[in-house]
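These are my notebook entries on a structure I went through by element and by residue. I set down what I looked up and what I found.

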Amino acid sequence: MRKTALLIAAAALFGSVVSTQATEGHIVIQRQPWSFAGPFGTFDRAQLQRGYRIYKDVCSACHAMKLVSFRNLAQPGGPGFSEAQAKTVAADYKITDGPNDKGEMFERPGRVSDHFPSPDPNEQAARARFNGAYPPDLSVIAKARGVEAGLPRGLIDIITQYQEGGPDYLYALLTGYGKPPAGETIGDTQHWNRAFPGHRISMPPPLSDGQVEYTDGTPATVDQYARDVAAFLMWAAEPHLEARKRIGFQVMIFLIIFAGLAYYTKKKVWADLH
Amino acid sequence: MATSKTVTTEHTRRDFLYIATASVGAVGAAAAAWPLISQLNPDASVLALSSTEVDLSPIAEGQIITVKWQGKPVFISHRTKKEIESAQSVKLSELPDPQADSDRVKKGKDEWLVVIGICTHLGCVPLGHEGEYNGWFCPCHGSVYDTSGRIRKGPAPLNLAVPPYEFTSDKAIKIG
Amino acid sequence: MSHSDFQPKNPALQWIERRLPIFSMAHGSFVSYPVPRNLNYWWTFGGILAFMLVVQIVTGIVLVMHYTPTTAEAFDSVEKIMRDVNFGWLLRYIHANGASMFFLAVYIHIFRGLYYGSYKEPREVLWILGVIIFVLMMATAFMGYVLPWGQMSFWAATVITNLFSAIPGVGKAITQLLWGGYSVDQPTLQRFFALHYLLPFMIAGVVGLHIWALHHVGQGNPAGIDVKSDRDTIPFTPYATVKDNFALICFMILFAWFVFYIPNYLGHPDNYIPANPLQTPPHIVPEWYFLPFYAILRAIPNKLMGVLALFAAILVLAFLPWLDTSKVRSARFRPLYKQFFWVLVVVCIGLGYLGAKPAEGAYVIIARILTAYYFLHFLVILPVLGYFETPKPLPKSISEPVLGKNGAAAGIGARAPEKN
């Protein structure tokens, strides 16, 4: 009884401390519904393909994705390109290879085993292009960003399996551009964004309505683009997500059955002691 | 004290439980061990490089090029008419490892010889356009191969291996 | 060492046994070995820890088959494991979450010891070996976290190695010795890799001593009273074996929950950003199992004193057998101590929470209070409590509450552990 009272008092104390901090300039990222959330979540193939279009047509001008290979586009659990389609995608890119027998580097069409080439040869070149700012590589960006959950939400997230903080943040960022609040100024090399820490981001708003044509009738809006590319980037960061959850389910069932058997075995063995 | 009948039934039921638990445990252990073994197998990036495509058009007649396939050297020889003829006219009984030239090239494409450039003796890389038969000569222990890559003289027991390959177009092949 | 008269029936095994008595030793240690019959589930965590050590070593070795310990390639090699290596994602997530599960189990194991007086005579050496294992675990985990070479890897390494510069005089030289350079860089990564591979085997060795020390004096038990006769004990196999097995499977369910469904929950997103020596993350946070100690470190305003407080917080555990003056082992019979125990639990959780918060404002004040209380508990409360506390009456024997005063049921006895 005393122990419980003590624990509740402690929680209340910390809760009050948390809430005083929460209101000062604290960015709140809304949680979005994602098809890949939860224990039985899967990627929406069509969404991944649309998201790939957004990456290719918009983001790849500045952002690399060097950990992803063209062959990943055709592997199970992904956007569902065929081998031939992946090969065509690869062939559209120019890959620097070499040295050849003359000792020179040369360009050749991409093969399915290649990785997505970077728009800039190195970080310094990228910074030179963008006033010192570096567009981060997007390969694992969906896991490199997150949402601070605080208490008790953070503990509930263990039960609900919330792992979509990255895509939630990316969606909030891509749809978060706007005018700075009254009284605040912003230079012309930066842009005000609701979701970005500090609110001043070097990336100009990359998306606008109707920018990329969707052939399957999906609305061509910034909101949709943001969802699609965030989902695609989640796949890029966790290409084995579907296999992980599927095997996870099998493992959990196995362990629960095994635990039951082990429990009854224990009970049976110990029964003759009393 | 329980009757013997109940004791026997209890034994069977208890044993069944123990056997069931142990079997499930064994299955679990095997399932857990599998990824540990599987990770030793070539990973996806290595498998992606398991085949190599080669454009044959830049290879002039009489020229031999070396490409890398699965980490090994592969000789691609654009044979001259003379080289093809000397390969085809050999009596099979003279060969230490008898094999017709036609079995070592693709039908209708006998000007192209594709062989793995590893000497079948102890694994050195033989030198092209060398040796008595103008095929290959291995400098390590003196094995001599002909224009079909077949062993003629020296300690090597077998002909140079022909890798799996096919023509993807008139002037291109895919090895592996 | 627990001997047994066991002789294998198989002649081949008998041949080995005569030359190296490994079968009788295994039998004496894990089959016929007597354990108190009143052990509860808090006693299953030793077995769980041994299992976790094996899991970490096995997954670690297979990961090393694919990892490259250079600053240029480390991050990418881990991603290659995640993407290309067959089941690489599974092995990596097991290893990363396994470290957390290892520490969860060790904290439960330690708090079990605190509650039931497992550190008291004659188990002082057993306890100190445990503290040594704990320190080795912390070193191993710290170095392991550096290997993926993410932002947190790099900056946690920088912060913690910089602690040594607080030592007066030789501090800077020692820090450069640890770094192998003027900052955390390639030499640091490579030596951390070598040591991270080495230390778990040292842990295994100390675990061997830990189990030896345990088997020499026998398990403690929830009543905290000595084993008095064969009626108080039962053979390890099948009783403890099946119980440990069940507890382990339940533990694996929790483990699997993290590995398969929330594999990045306990980590920090910043560690998916490749290390950048020119840019510090806004909040440098260690892994959760270090947070209480991190809070203590930051609570002390003086750099050197903070470092000393950090190490003192761990080392104070080694002196526990002498700090706690009570003659009664188990908190079951120590009504006052029991309450202070739970306060300590809350304090440690509180320190852990504060370790993740920025060192500002109210957080700092509360962290200082809790740090002071932590040391107060061990250095003042425990020594004093032994003199003032009136313990509840202890039962006459372990078997008495279970079997009744007459010892009615014919319990399965086993030889009492040898006492020299």
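Helices here are DSSP runs of H or I with at least four residues, numbered from the N terminus. The model is a predicted one, and I read every entry below with that in mind.

**Entry 1. A:Arg244**

I began with A:Arg244, which I located in helix H9 (residues 241–271) of chain A. Is A:Arg244 buried or exposed? I found a relative accessible area of 4% for A:Arg244, so the residue is buried, the cut-off being under 20%. I then listed its contacts, leaving out residues up to four places away in sequence. A:Arg244 touches A:Glu238 in its own chain, and in chain C it touches C:Trp89, C:Tyr93, C:Val259, C:Phe260, C:Tyr261 and C:Pro263. I also checked one separation: from A:Arg244 to A:Leu273 there are 29 residues in sequence, and the C-alpha atoms are 43 Å apart in space.

**Entry 2. Helix H7 of chain A**

Next I turned to helix H7 (residues 165–174) of chain A and asked how many of its residues are buried. The count is 10 of the 10, so the helix is largely enclosed by the rest of the structure. I noted that the buried residues include A:Gly165, A:Gly166, A:Pro167 and A:Asp168, along with A:Tyr169 and A:Tyr171. I looked up what covers them and found, among other parts, helix H5 (141–144), strand S4 (200–201) and helix H8 (222–237) of chain A.

**Entry 3. Nonpolar cores**

I then examined the largest nonpolar core, which has 149 residues. Which of its residues touch the most other members? They are C:Phe103, C:Leu114, C:Phe134, C:Tyr374 and C:Phe378. Helix H5 (residues 88–116) of chain C gives the most to this core, with 16 residues. I followed C:Leu114 further: apart from neighbours within four places in sequence, its contacts are C:Tyr119, C:Trp127, C:Leu320, C:Tyr337, C:Phe341, C:Leu344 and C:Phe378. I also recorded a second, separate core of 48 residues, with A:Leu138, A:Ile201, A:Ala230 and A:Leu241 among its members. As background, I noted that nonpolar side chains tend to be buried together in soluble globular proteins.

**Entry 4. Cysteines**

I searched all chains for disulfides and the count came to 1. The bond joins B:Cys124 to B:Cys140, with an S to S distance of 2.1 Å. The torsion about this S-S bond is about -95°, so the disulfide is left-handed. I placed B:Cys124 in the loop between strand S4 (112–116) and strand S5 (127–130) of chain B, and B:Cys140 in the loop between strand S6 (135–137) and strand S7 (144–145) of that chain, so the pair ties together parts that are 16 residues apart in sequence. Both partners are partly exposed: B:Cys124 has a relative accessibility of 22%, and B:Cys140 has 38%.

I also looked at B:Cys138, which is in no disulfide; the nearest cysteine sulfur, that of B:Cys119, is 3.8 Å away. B:Cys138 counts as buried at 2% relative accessibility. In chain C, I recorded C:Cys348 as buried at 16% relative accessibility.

**Entry 5. B:Ser148**

I placed B:Ser148 in the loop between S7 and strand S8 (151–153) of chain B. Its relative accessible area is 0%, so B:Ser148 is buried. Apart from neighbours within four places in sequence, I found B:Ser148 in contact with B:Arg79, B:Ala87, B:Asp101, B:Arg104 and B:Leu113.

**Entry 6. The second largest pocket**

I put the space in the second largest pocket at about 1800 Å³. I counted 42 lining residues, of which A:Arg108, A:Arg111, B:Ser51, B:Thr52 and B:Glu53 lie nearest the centre. Elements that each supply at least two lining residues include helix H3 (83–91) of chain A and strand S1 (52–55) of chain B. Strand S2 of chain B gives the most, with 5 residues. By class, I recorded 18 nonpolar, 13 polar and 11 charged residues in this lining.

**Entry 7. Cavities**

Last, I found 6 cavities of 30 Å³ or more. The second largest has a volume of about 70 Å³. Its lining includes C:Ala295, C:Arg298, C:Leu354, C:Tyr363 and C:Ala367. Helix H11 (291–299) and helix H15 (361–388) of chain C each supply at least two of the lining residues. I classed 8 residues of this lining as nonpolar, none as polar and 1 as charged.

Methods
Residues numbered from 1 in each chain as written. Chains lettered and ligands numbered in written order. Predicted model: local features only at pLDDT ≥ 70, side-chain atom pairs only at ≥ 80, totals over all residues. Heavy atoms only, no water. 1 Å grid on protein atoms, 1.4 Å probe; cavity = no way out; pocket = protein on both sides within 12 Å on 5 of 7 lines; lining within 4 Å. Points joined across faces, edges and corners; volume = space filled by probe spheres on them. Nonpolar A, V, L, I, M, F, W, Y, C, P; charged D, E, K, R; others polar. Disulfide = S-S within 2.5 Å. Buried < 20%, exposed > 50% of the residue type's maximum accessible area, 1.4 Å probe, protein only. Core = buried A, V, L, I, M, F, W, Y, C linked by side-chain atoms within 4.5 Å. Contact = heavy atoms within 4.5 Å.
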